[in-house]
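Student: I have a structure to go through before I set anything up. Can we walk through it together?

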Amino acid sequence: MNGGTSDTNLVGRGNRDGARLFREWFAELTATAEQGQRSAYVFVMGSLVEILRVFDFPIVFPEINSLQTAVRRVAHEYLNQAEDYGYSPDICGYVKADVATQLRGGEHPMGRIPKPEIAVFTNACNTYIKWAEIWERMYRIPTFTVDIPGTRGAGLQTWPGDPDFAADRRYVEGQLRELIALCEEITGRSFDIDRLRETMTETNRMSAAWKALLDLNRARPAPFNALSDGTIFLGVANGFRGTDAGATYFENLVEEMTYKAEHGIGTLTEEQYRLIFVGVPCYPLFRRFNEMFTAWGGTFVNSTYLWFASGGTNVGFQYDVARPLESLAEGVLIGVRDAMDSMFFQLDILEGMIDGCAADGVVYHPIKSCRTVSTGLADNRRALMERLDVASLFIESDMMDRRVVTEAQLKNRIDAFFEGLASRRNRSTVTT
Ligand code: SF4
């Protein structure tokens with residue numbers, strides 16, 4: 001059912017290049033680990049890599065390492081090991097897969113993960129803070145929390161020019177200055193503001209391209225699938241943020257998707273239903289999960305995942321490199337706050353996504369392991385249904401733990417959803 005073979009050089013290039021970049025990244029991490037060197041551990045909701053790259057820290061995203069164990073179908077071995085060690089079955093599966101990775105000396109299906117020298121994280125997920133304490137205990141390393149002031153109420157975001165925004169921005173900037181001082185202390189190197197400008201310039205290129213990419217998927221048929229292709233894009237957006245390779249990758253992706261949109265090449269040759277995905281993917285059944293939708297001609301045109309897990313890249317914010325630290329603080333504040341808004345104040349943006357992509361339905365996918373993203377989804381769904389006449393599906397599984405994922409049950413619910421979508425469409429054809 002996959003379409004798009006008319007230009008083999010361009011169509012599919014993003015997925016090929018994404019896989020190559022991923023292999024290169026993990027090869028580099030493996031070399032770092034084997035040389036006994038250390039790295040910076042960071043998270044997708046506010047990675048601060050623009051600063052860390054100035055000090056040449058190899059960058060490790062433990063969330064990405066963990067999800068890769070599920071995609072490569074070995075997550076259960078890691079989860080069992082962490083549970084045998086004493087971690088509860090109830091906590092975030094990413095944490096447990098990482099604990100097992102650490103207990104194995106960094107052994108991972110994609111190579112070897114170096115130990116941390118520092119961990120940097122935001123308050124976007126409270127698990128980040130407890131997770132980093134594990135490394136603090138294991139390796140006696142410094143951890144650094146950047147506290148990002150969240151939105152105070154639905155629709156109450158403040159922006160540059162507003163005195164409340166200026167106060168929040170100053171608060172974040174003060175913390176970034178402390179982080180720089182800590183990096184100087186750890187590495188024994190002086191901070192180079194021009195290197196910061198360079199990494200910010202690369203992030204600007206990536207952010208502009210990422211925003212353009214999301215807009216391109218409004219085309220009908222949609223040129224990419226936000227769940228399957230989108231997850232590859234997200235990996236590159238995080239792992240290569242602040243680099244020329246990452247920015248170039250996204251500019252190339254825009255070229256590819258523009259070509260596909262202009263030539264009517266969809267990710268599916270027969271797109272029947274356009275869907276929005278809310279939550280974190282089901283990595284233990286990654287490909288199969290998506291196929292249960294594409295078999296009915298359903299494609300995911302956008303997702304909240306592309307929003308909160310992109311490190312703020314989705315908002316397309318452009319740093320002003322003439323005032324780097326102030327502008328970095330603005331970008332971090334806007335980007336991380338936006339990721340938190342995707343959980344606390346989802347409704348307005350979801351409504352915009354549905355309208356913008358002409359979506360036929362919304363798929364809510366709460367998962368056992370991640371309360372941060374899953375809590376409140378049932379209420380969010382009810383609120384959306386009260387506001388809009390749009391079909392929705394609510395299916396529960398997990399992003400790591402195949403013991404709580406039942407393919408047959410998921411399939412039954414998904415099939416029934418598409419039958420409902422078909423009769424909805426028939427009804428509207430009859431009445432118009
Ligand atoms: S609880 Fe959710 S958001 Fe937090 S670290 Fe785990 S998967 Fe990520």
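**Sheet and strands**

Tutor: This is a predicted model. Strand 1 (residues 39–41) and strand 5 run parallel and are joined by 3 bridges.

Student: Which residue of strand 5 is the bridge partner of Tyr41?

Tutor: Tyr41 has Ala119 as its bridge partner in strand 5.

Student: And how many bridges join strand 5 to strand 6?

Tutor: There are 4 bridges between strand 5 (residues 116–122) and strand 6, and the two run parallel. One residue pair there is Phe121 with Thr145, the latter in strand 6.

Student: What is the strand order in the open sheet?

Tutor: The order is 2-1-5-6, with parallel pairing across the 4 strands. Strand 2 (59–60) and strand 6 are at the edges with a single partner strand each, so one side of each has no neighbour in the sheet.

Student: Back to strand 6. Which side chains are buried there, and which are not?

Tutor: In a regular strand, side chains alternate between the two faces of the sheet. Strand 6 (residues 143–146) does this: Phe144 and Val146 point to one face and are buried. Thr143 and Thr145 point to the other face and are not buried.

Student: OK, backbone next. Where is the cis peptide bond?

Tutor: Arg220 and Pro221 are joined by a cis peptide bond, with omega at about 0°. Pro221 sits in the loop between helix 8 (193–216) and helix 9 (228–239).

Student: Which residue has a phi near 65°?

Tutor: That is Arg73, a residue other than glycine with a positive phi. Most residues other than glycine have a negative phi, and most peptide bonds are trans. Arg140 also has a positive phi, of about 55°, and is not a glycine.

Student: Where are they, starting with Arg73?

Tutor: Arg73 is in the loop between helix 3 (62–71) and helix 4 (75–85). Arg140 is in the loop between helix 6 (126–139) and strand 6.

Student: Is Arg73 buried or exposed?

Tutor: Its relative accessible area is 53%, so Arg73 counts as exposed, the cut-off being over 50%. Arg140 is exposed as well, with a relative accessible area of 72%.

Student: Different topic: Val390. Where does it lie?

Tutor: Val390 lies in the loop between helix 16 (377–387) and strand 10 (391–394). Its relative accessible area is 7%, so Val390 is buried, which requires a value under 20%.

Student: What does Val390 touch?

Tutor: Leaving out residues up to four places away in sequence, the residues touched by Val390 include Ile354, Ala359, Val362, Leu384, Met385 and Arg424.

Student: How far is Val390 from Cys125?

Tutor: Their C-alpha atoms are separated by 30 Å, and the two residues are 265 residues apart along the chain.

Student: Now the overall picture. How many helices and strands does the chain have?

Tutor: The protein chain has 17 helices and 10 strands. Its C-alpha atoms fill a box of roughly 70 × 55 × 45 Å along the principal axes.

Student: What about the radius of gyration?

Tutor: It is 21 Å, which agrees with the value near 22 Å for a compact globule of 432 residues. Buried residues make up 58% of the chain. Of the contacts with a separation of 6 or more, 80% are between residues 24 or more positions apart.

Student: And surface and charges?

Tutor: The accessible surface is about 17,400 Å², and 48% of that belongs to carbon and sulfur atoms. There are 45 positive and 57 negative charges, and their mean positions are 4 Å apart.

Key
Residues numbered from 1 in each chain as written. Heavy atoms only, no water. Rg over C-alpha atoms; globule rule 2.2 N^0.38 Å. Buried < 20%, exposed > 50% of the residue type's maximum accessible area, 1.4 Å probe, protein only. Contact = heavy atoms within 4.5 Å. Areas by Shrake-Rupley, 256 points an atom, 1.4 Å probe, with all protein chains shown as cover. Lys, Arg positive; Asp, Glu negative; His and termini not counted. Charge placed at Lys NZ, Arg CZ, Asp CG, Glu CD. Pairing = 2+ DSSP bridges.
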